[in-house]
Amino acid sequence: MTQGIKKYTSLLYGKVVLIIGGTSGIGYAIAEGALEHGAFVTVVGSNKTKLENALSKLRESYPSETSNGHLKGMQADLSCPETLEMTVPSIFEYAADGAQINHLVVTAADMTVPPPVHNITVKKIESTHTLRLLAPLILTKHLPRFMKRNAENSVTFTSGAHGQKVDPGWSIVAGYCGAIEGLMRGLAVEMKPLRFNVVSPGPIVTQAVKDILGEHYDAAIKVAEQKALVGRVGRPENVAQAYLYLMKDEFATGTVLESNGGFLLT
């Protein structure tokens, strides 16, 4: 090995990583990991305040890693189908900045509690449909202008354990988890040799989860801990490792990588 060249931890050094949904939770942890690997990171979020807070925290935690343009952020909302065709190219242009994007990660999702089947309306699931399926499709459509189609580059989407182990009332989310995994496999074939993968997290504690569960949070965490073989729920930095791995492994494509603490075995 050449002196000073690290065979494994340098795989993301100098790469351009775009994280859509990176202002909190798993996406924020991925941004941390990418910065630690020496990547140029662009974080995209729909909420201006959350975006500014995330960028401030990252710069405070990683002063040297975020210097010289290694971190930037953009406010953009991918939940509106009417504006997707304009929003997506603007995101890519900002992240690429005249160069090429190497890795795209999408963790953005509608984190509201889904309605039960008998209460479904088109309006109620419009945001879920757009963020979980339509946005990844439009992102892929415009991506070839900004990312070379080779095995060094990658796209990683997000599903979830609800796609395989469904709780009552979560049929909609389960459906979209399965849909994004199927879409990923199709794109891996259609867009080869560019790599497409999905990370499927299990119970992960994030601020969004706390907000959704509200007063039911403590009880829900106890149930999740009992179901997990490792005896606890996951943390964002745990599952972030899966995304980092899929970016670095140039032989991984068409893969669903699970990080769920054994949740599916109980």
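**Entry 1: starting at K123**

I opened the notebook on K123, which is exposed, with a relative accessible area of 67%. A caution to myself before going on: this is a predicted model. Which residue does K123 form a salt bridge with? I found E126, with the closest N and O atoms 3.9 Å apart. Both residues sit in helix 4, three residues apart, which is about one turn of the helix. E126 comes out at 32% relative accessibility and counts as partly exposed.

**Entry 2: the other salt bridges I looked up**

I wanted to know how many salt bridges a search of the whole structure finds. The count is four. I followed up two more of them.

K141 pairs with E85, and their closest N and O atoms are 2.9 Å apart. K141 lies in helix 4 (residues 122–142) and E85 in helix 3 (residues 84–96), so this pair ties together parts that are 56 residues apart in sequence. I checked how open each partner is. K141 is exposed at 52% relative accessible area, while E85 is partly exposed at 36%.

Then I turned to R145, which forms a salt bridge with E93, the closest N and O atoms being 3.6 Å apart. This pair links distant parts of the chain: R145 is in the loop between helix 4 and strand 5 (154–158), E93 is in helix 3, and their positions lie 52 residues apart in the numbering. R145 is exposed, with a relative accessible area of 53%. E93, at 45%, counts as partly exposed.

**Entry 3: T128**

Back in helix 4, I picked out T128. Is T128 buried or exposed? I have T128 down as buried, with a relative accessible area of 9%, because buried means under 20%. Next I looked up what T128 touches, leaving aside its neighbours within four places in sequence. The contacts are D110, L133, I172 and Y176.

**Entry 4: a pocket**

I moved on to the second largest pocket, whose volume is about 310 Å³. How many residues line the second largest pocket? I noted 16, and the ones nearest its centre are T23, S24, G25, K57 and Q207. I also asked which elements give two or more residues to this lining. They are helix 1 (25–36), helix 2 (48–61), helix 6 (207–213) and helix 8 (236–248). As for character, the lining divides into five nonpolar, six polar and five charged residues.

**Entry 5: stepping back to the whole chain**

Last, I looked at the chain overall. Its secondary structure comes to eight helices and seven strands. The C-alpha trace spans about 55 × 40 × 40 Å along its principal axes.

What radius of gyration would a compact globule with 266 residues have? The expected figure is near 18 Å, and the chain has 18 Å, which agrees. I also wrote down that buried residues make up 45% of the 266 residues.

One more number went in for contacts. Among those in the chain with a separation of 6 or more, residues 24 or more positions apart account for 76%. I put the K141 and E85 salt bridge beside that in my notes, since I had already recorded that pair as 56 residues apart in sequence.

How values were computed: Residues are numbered from 1 along each chain as its sequence is written. This is a predicted model: local features need pLDDT of at least 70, side-chain atom pairs count only at pLDDT 80 or more; totals for chains, interfaces and linings use all residues. Side-chain values use heavy atoms; hydrogens and water are left out. A salt bridge is a side-chain nitrogen of Lys or Arg within 4 Å of a carboxyl oxygen of Asp or Glu. Helices (H or I, at least four residues) and strands (E, at least two) are DSSP runs, numbered from the N terminus. Buried means under 20% relative accessible area, exposed over 50%, partly exposed in between (1.4 Å probe, protein chains only). On a 1 Å grid over the protein atoms alone, a cavity is a set of points where a 1.4 Å probe fits but cannot get out, and a pocket is an open set with protein on both sides within 12 Å along at least five of seven lines; lining residues have an atom within 4 Å of a point. Grid points are joined across faces, edges and corners, and a volume is the space filled by probe spheres set on the points. Ala, Val, Leu, Ile, Met, Phe, Trp, Tyr, Cys and Pro count as nonpolar, Asp, Glu, Lys and Arg as charged, and the others, Gly among them, as polar. The radius of gyration is taken over C-alpha atoms; the globule rule is 2.2 Å times the number of residues to the power 0.38. Contact means heavy atoms within 4.5 Å.
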